Structure formats: C-alpha cells, structure tokens
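Biologist: Could you take me through one part of this model up close? I'd like to hear where a single residue sits and what is packed around the helix that carries it.

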Amino acid sequence: MTTPAFQRARSAQAKQAREDAILDAARSLGELRGIRDVTLTDIAAAVGMHKSALLRYFETREQIFLRLTAEGWRQWSADLRGRLQGRAHATAAEVAGEVAATLTARPLYCDLLAQAPMNLERNVSLESVRAFKLVTHGEIRLIDGELRRLLGLTELQTIDLVATATSMAGALFQMATPGPHLRELYESDPWLGHAVLDVEARLRRVLTAFLNGLDVPA
C-alpha cells in the first residue's frame, strides 16, 4: 500500500489547515489506542502523507502531543471555571467534586497529563516547552481567580491543588486502563479487586482531604 502524494502547503492558511489535520489525526489515534502506542508514522499515515513531509509541520511526535496537552489545559480550565462561576459559594467538597468530574470527563487529557512530564517535554525544543508552560501558567492563574473567590485560596495553594489534581488524574488514569488482559486478571481475583479503581471517586476524596487540610470551608 502506498501513501497518497501529499502537496506541501504554500500559504499560511494552508499550513494551518495541515497542522490542524495532523493534530486531529493524533487526537483520534490517541483516543483509540492510547498515547504511548501512537507513532509518528501512524499519524502521518492517518493524514495521508509521508513522515518526512509531516516533519515540515512539527519537529517531533512529542511536539504534536504536547500541543494537544496545551489544548487540553485550555478546555479543562474553561469547563472548570464555567462550573465554578455558576456558584455564589461552595464548600471544599463541592470544589473537589467539580475538579474531579471535569478531569475524568477527559480521558485523553488525563492520558496526556501522565505522558507530558515523562516523555512529551523531553524530545522537543526549549521554545516548545516554554510555550507549553506559559499556557499551563496562564490557565492556573485563571482558575486561581475562582478558587480565591470561593474558598479564599492563595495563589500558591491553587498551584498546589491544581498540581495535585492533574498529576493524580494522569497517574490514576493509567492505573484504571491496564488493558484487557490485566483488567480480566484484576476482576477475576478478589485479592486484586482494588486495582480496578473509580478514578473520579478517588480523586474527589483526595482533593477534598487536601482542601480540608488547608482549613477552607467544609
């Protein structure tokens, strides 16, 4: 099977369209297979181009997924802030519930959160890492405005909360998606039943305990 001939984008608009197509393909493959199992060749084939042509638009496979992680930060932040803005007041448990629910509603984002520090930030240019970090910093500042209003958190407390939530969401997602063979083992052995976890429930409990430890309204 041969890869269809691919015409290089000549205008800024065409280049953006190509980049969007590459990101869409990577997103779809990541949702289907999991980030770890998607190669640059897979993405190129899904778009209908050779890998060498794809590298004109993105420097590495990791840069593609780091861009999707930044997109995930923006979307999650907007959803969380939208839910918090609808509240005149909230308890620690209610805020923890909103954080947990909005994270676990985005399995691809949770997968990306786990991969970003381990892999995605390590095979891209420093400028790509800088751009990604600026996105995360900007979204945390926006979230901070709502948490300050509802719970009186300081900026550092918000940073700690978001870091705890996102890192745990990434790790718990990996634990909750072990693959069909491991899942069958866990479900068949009563001694291993704890390995089949409810990510949202556990994340909500941990974040509630974290916020209660800060002595915010219960």
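Modeller: Let's start with R61, which has a relative accessible area of 16% and so counts as buried, the cut-off being under 20%. Keep in mind that this is a predicted model. R61 belongs to helix α4, which covers residues 61–85.

What does R61 touch, not counting residues up to four places away in sequence? The list is I35, R36, V38, T39, L40 and L120. L120 is a long way off along the chain: R61 and L120 are 59 residues apart in sequence, yet their C-alpha atoms are 8.3 Å apart in space.

There's a similar story with V124, in the loop between α6 (107–118) and α7 (126–151). With 16% relative accessibility, V124 is buried, since that value is under 20%. If you skip its neighbours within four places in sequence, V124 is in contact with E59, T60, E62, Q63, L66 and V129. V124 and I64 make another pair to look at: 60 residues separate them in sequence, but from C-alpha to C-alpha they are 9.6 Å apart.

I64 also turns up in the nonpolar interior. The largest nonpolar core has 60 residues, and I64 is among those with the most contacts inside it, together with I43, F65, W73, W76 and L103. Helix α4 gives this core its largest share, nine residues. As a general point, nonpolar side chains in soluble globular proteins tend to be buried together.

W73 deserves a stop of its own. Setting aside neighbours within four places in sequence, W73 is in contact with Y109, L113, F132, V135, T136, E139, I140, V162 and T166. So, going by the residue ranges, Y109 and L113 put W73 in touch with α6, while F132, V135, T136, E139 and I140 do the same for α7.

Now for the way α4 packs against α1. Their axes come within 10 Å and cross at roughly 85°. Because angles of 65 to 115 degrees count as roughly perpendicular, that is the label for α1 and α4. On the α1 side, the residues at the meeting point are E19, I22, L23, A26 and R27. On the α4 side they are I64, F65, R67, L68 and E71. Notice I64 and F65 here, which also appear among the core residues with the most contacts.

Which two residues of that meeting point form a salt bridge with closest N and O atoms 3.7 Å apart? The pair is E19 and R67. This bridge links distant parts of the chain, with E19 in α1 (residues 12–33) and R67 in α4, 48 residues apart. As for exposure, E19 is buried because its relative accessibility is 9%, under the 20% limit. R67, by contrast, is partly exposed at 35%.

R27, from the same list of α1 residues, has a salt bridge too, with D24 as its partner and 2.6 Å between the closest N and O atoms. Both residues of this pair lie in α1, three residues apart, or about one turn of the helix. R27 counts as buried at 19%, whereas D24 is partly exposed at 41%.

Further along α4, R83 and D79 meet through their side chains in a salt bridge, 3.6 Å from N to O. They are four residues apart in the helix, so about one helical turn separates them. R83 is partly exposed at 34%, and D79 is partly exposed as well, at 23%. This pair is part of something wider: D79, R83, R87, E94, E98 and R106 are linked in a network of salt bridges. Over the whole structure there are 16 salt bridges.

Finally, step back to the whole protein. It has ten helices and zero strands. Of its 218 residues, 43% count as buried. Among contacts between residues at least 6 apart in sequence, 69% join residues at least 24 apart. E19 with R67, at 48 residues apart, shows such a long reach along the chain. The accessible surface comes to about 11800 Å², and 54% of it belongs to carbon and sulfur atoms.

Technical notes: Residues are numbered from 1 along each chain as its sequence is written. This is a predicted model: local features need pLDDT of at least 70, side-chain atom pairs count only at pLDDT 80 or more; totals for chains, interfaces and linings use all residues. Side-chain values use heavy atoms; hydrogens and water are left out. Helices (H or I, at least four residues) and strands (E, at least two) are DSSP runs, numbered from the N terminus. Buried means under 20% relative accessible area, exposed over 50%, partly exposed in between (1.4 Å probe, protein chains only). Contact means heavy atoms within 4.5 Å. Accessible areas come from the Shrake-Rupley method with a 1.4 Å probe; for residues, only the protein chains shown count as cover. A salt bridge is a side-chain nitrogen of Lys or Arg within 4 Å of a carboxyl oxygen of Asp or Glu. A nonpolar core is a set of buried Ala, Val, Leu, Ile, Met, Phe, Trp, Tyr and Cys residues joined through side-chain atoms within 4.5 Å. Axes are lines fitted to C-alpha atoms, for helices over the stretch in contact, and angles run from 0 to 180 degrees between N-to-C directions. Angles under 35 degrees count as roughly parallel, over 145 as roughly antiparallel, 65 to 115 as roughly perpendicular and the rest as oblique.
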